[in-house]
Amino acid sequence: MTHQTAPTPPEGAADVLPEHFLEDIPHQNEEALKMLQEWITELLAYQQPLSEDTLSEMAAVTTTGTRVIADLSDAEKRKLDFSEMLGTFTWQFTQCDRDNCSCTSDQTADLHGPYLQRHYCDESGHYMSEYIPADDSRQELVQRVIPQPMI
């Protein structure tokens with residue numbers, strides 16, 4: 001029985017990938033390697049630069065807490081808990097988990113929302129996302145900068 005030698009990593013891989021990764025990957029079975037390949041393909045697609053149209057659409061539904069605060073009056077700023085304004089605010093549309101819901105139709109008009117989300121890093125540096133309920137005063141403040149989108 002002839003034993004094949006695993007292919008060597010591409011040139012320069014040792015400069016950009018952790019050593020354990022380079023050592024462990026060749027020992028994975030075919031199923032694991034195919035799953036990794038699929039994931040890498042998705043990651044590469046995810047990291048592609050966004051088109052100008054996509055960036056324009058995102059700018060219309062995204063703002064920073066700093067930008068919102070800049071538009072407030074001094075009296076409004078005195079009442080505000082600045083820690084609740086840190087990060088980025090985004091209007092988002094979403095699909096639910098119900099099998100028979102029309103939101104699963106792949107039609108933008110059928111999605112639920114828009115819902116206001118805040119994305120920020122907590123004190124320990126962890127990325128967090130917070131749903132901002134309709135009755136939260138931050139909704140009105142954000143809508144002054146980026147109006148709630150309509151489909």
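A residue is taken as buried when its relative accessible area is under 20%, as exposed when that area is over 50%, and as partly exposed in between. In this predicted model, R138 has a relative accessibility of 4% and therefore counts as buried. Its salt-bridge partner D136 has a relative accessible area of 19%, so that D136 also falls under the 20% limit and is buried. The side chains of D136 and R138 meet with a separation of 2.9 Å from N to O.

Seven salt bridges are counted in the model. Among them is the pair formed by E140 and R144, whose side chains meet at 2.8 Å, N to O. Both E140 and R144 belong to helix α7, which spans residues 137-145, and they are placed four residues apart, or about one turn of the helix. With a relative accessible area of 43%, E140 is partly exposed, and R144, with a value of 38%, is likewise assigned as partly exposed. Beyond individual pairs, salt bridges with shared partners connect R118, E130, D136 and R138 into one network; the D136 and R138 pair described above, with its N to O distance of 2.9 Å, thus involves two members of that network, because R138 and D136 are both named in it.

A further salt bridge links R67 to D71, and here the closest N and O atoms lie 2.7 Å apart. The relative accessibility of R67 is 40%, which places R67 in the partly exposed class, while D71, at 39%, is also counted as partly exposed. For R67 and D71 alike, the assignment follows because a value that is neither under 20% nor over 50% is classed as partly exposed.

Attention may next be given to a cysteine in a loop. C101 is located in the loop that runs between strand β2, residues 88-94, and strand β3, residues 112-121. Despite this loop position, C101 has a relative accessibility of 11% and is therefore counted as buried, the limit for that class being 20%. When residues up to four places away in sequence are left aside, C101 touches C96 and H112, and H112 is the residue at which the range given for β3 begins. The C-alpha atoms of C101 and L111 are separated by 9.5 Å, these two residues being 10 apart along the chain.

Note on methods: Residues numbered from 1 in each chain as written. Predicted model: local features only at pLDDT ≥ 70, side-chain atom pairs only at ≥ 80, totals over all residues. Heavy atoms only, no water. Helix = DSSP H or I, 4+ residues; strand = E, 2+ residues; numbered from the N terminus. Buried < 20%, exposed > 50% of the residue type's maximum accessible area, 1.4 Å probe, protein only. Contact = heavy atoms within 4.5 Å. Salt bridge = Lys/Arg side-chain N within 4 Å of Asp/Glu carboxyl O.
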